[in-house]
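Visitor: Hello! I am new to this structure and would love a close look at one part of it. Could you take me there step by step?

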Amino acid sequence: HVKALAEGGPAALSNQVRQGDVVVSVAGSAIANLSHSQLAELVLGPKGTQVALELLQRSADGHSATRSTVLLRRAPLPALPPPPLHVNGGAGPRGFHTATPASPGHQRLAV
């Protein structure tokens, strides 16, 4: 499911992709069993190239759904803020508090 659109990103600017849409395929490849990194390989690419998303979109009343293909022109993604840091309860070497990323390996994929 499309959980959110990157503000100013190609999907948001297209006015064709909505929160709640279900992405069925990317560039003709079904995505049902792909990992996040495999999906990223399909979606992301050189600026200015195009990618086709096949979507399942619900009607406004939620009673029916239609399949549609949306062609998006890839663009650089806006900078994402760094993940928050958790400060450990104890002091690290030389009395400094140690910090680690809140979600190591967490990635955000936006189009």
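Visitor: Please show me the hairpin of S3 and S4, and tell me which strands stand at the edges of the sheet.

Guide: Gladly; here is a walk from the whole chain to that hairpin and back into the core. Please keep in mind that this is a predicted model.

Let us begin with the surroundings. The protein chain contains 2 helices and 6 strands, and reading along the sequence gives the pattern α-β-β-α-β-β-β-β. Of its 111 residues, 20% are buried. The chain exposes about 7800 Å², with carbon and sulfur atoms supplying 56% of that area. If you take the contacts with a separation of 6 or more, 45% of them are between residues 24 or more positions apart.

Now to the sheet. Four strands form an open sheet in the order S2-S1-S3-S4, and their pairing is antiparallel. The edges belong to strand S2 (29-30) and S4; each has a single partner strand, so one side of each lacks a neighbour in the sheet. Helix H2, residues 36-43, lies across S1 (22-26), S2 and S3, and runs at about 70° to S1.

Here is your hairpin. S3 covers residues 50-58 and S4 covers 65-73, and the two pair in the antiparallel sense over 9 bridges. Between the strands sit 6 residues, and in this hairpin Gly-62 takes a positive phi near 80°. Try finding Arg-58, which stands opposite Ala-65 in S4. Another pair to look for is Glu-54, opposite Thr-69 in S4.

Next, pause at Thr-66, a residue of strand S4. Its relative accessible area is 48%, so it counts as partly exposed. Thr-66 and Leu-56 are 10 residues apart in sequence, while their C-alpha atoms are 5.6 Å apart in space. Leaving aside residues up to four places away in sequence, Thr-66 touches Leu-55, Leu-56 and Gln-57.

One step along, you meet a charged pair. Side chains of opposite charge can pair when their charged atoms come close. Arg-67 forms a salt bridge with Glu-54, and their closest N and O atoms are 2.7 Å apart. This pair links distant parts of the chain, with Arg-67 in strand S4 and Glu-54 in strand S3, 13 residues apart. A search of the whole structure finds 1 salt bridge. How open to the outside are the two partners? Arg-67 has a relative accessible area of 56% and is therefore exposed, whereas Glu-54, at 21%, is partly exposed.

Finally, let us turn to the core. The largest nonpolar core is made up of 11 residues: Val-2, Ala-11, Val-17, Val-26, Ile-31, Val-43, Val-51, Leu-53, Leu-55, Val-70 and Leu-72. Strands S3 and S4 are the elements that give two or more residues to this core, and the largest share, 3 residues, comes from S3. Leu-72 is a good place to end the tour. Not counting residues up to four places away in sequence, Leu-72 touches Pro-10, Ala-11, Ser-14, Thr-49, Gln-50, Val-51 and Leu-53.

So, to gather up the hairpin: S3 and S4 pair over 9 bridges, Arg-67 and Glu-54 form a salt bridge, and both strands give residues to the largest nonpolar core.

How values were computed: Residues are numbered from 1 along each chain as its sequence is written. Side-chain values use heavy atoms; hydrogens and water are left out. A nonpolar core is a set of buried Ala, Val, Leu, Ile, Met, Phe, Trp, Tyr and Cys residues joined through side-chain atoms within 4.5 Å. Buried means under 20% relative accessible area, exposed over 50%, partly exposed in between (1.4 Å probe, protein chains only). Contact means heavy atoms within 4.5 Å. Two strands pair if DSSP finds at least two bridges between them. Axes are lines fitted to C-alpha atoms, for helices over the stretch in contact, and angles run from 0 to 180 degrees between N-to-C directions. Accessible areas come from the Shrake-Rupley method with a 1.4 Å probe; for residues, only the protein chains shown count as cover. A salt bridge is a side-chain nitrogen of Lys or Arg within 4 Å of a carboxyl oxygen of Asp or Glu.
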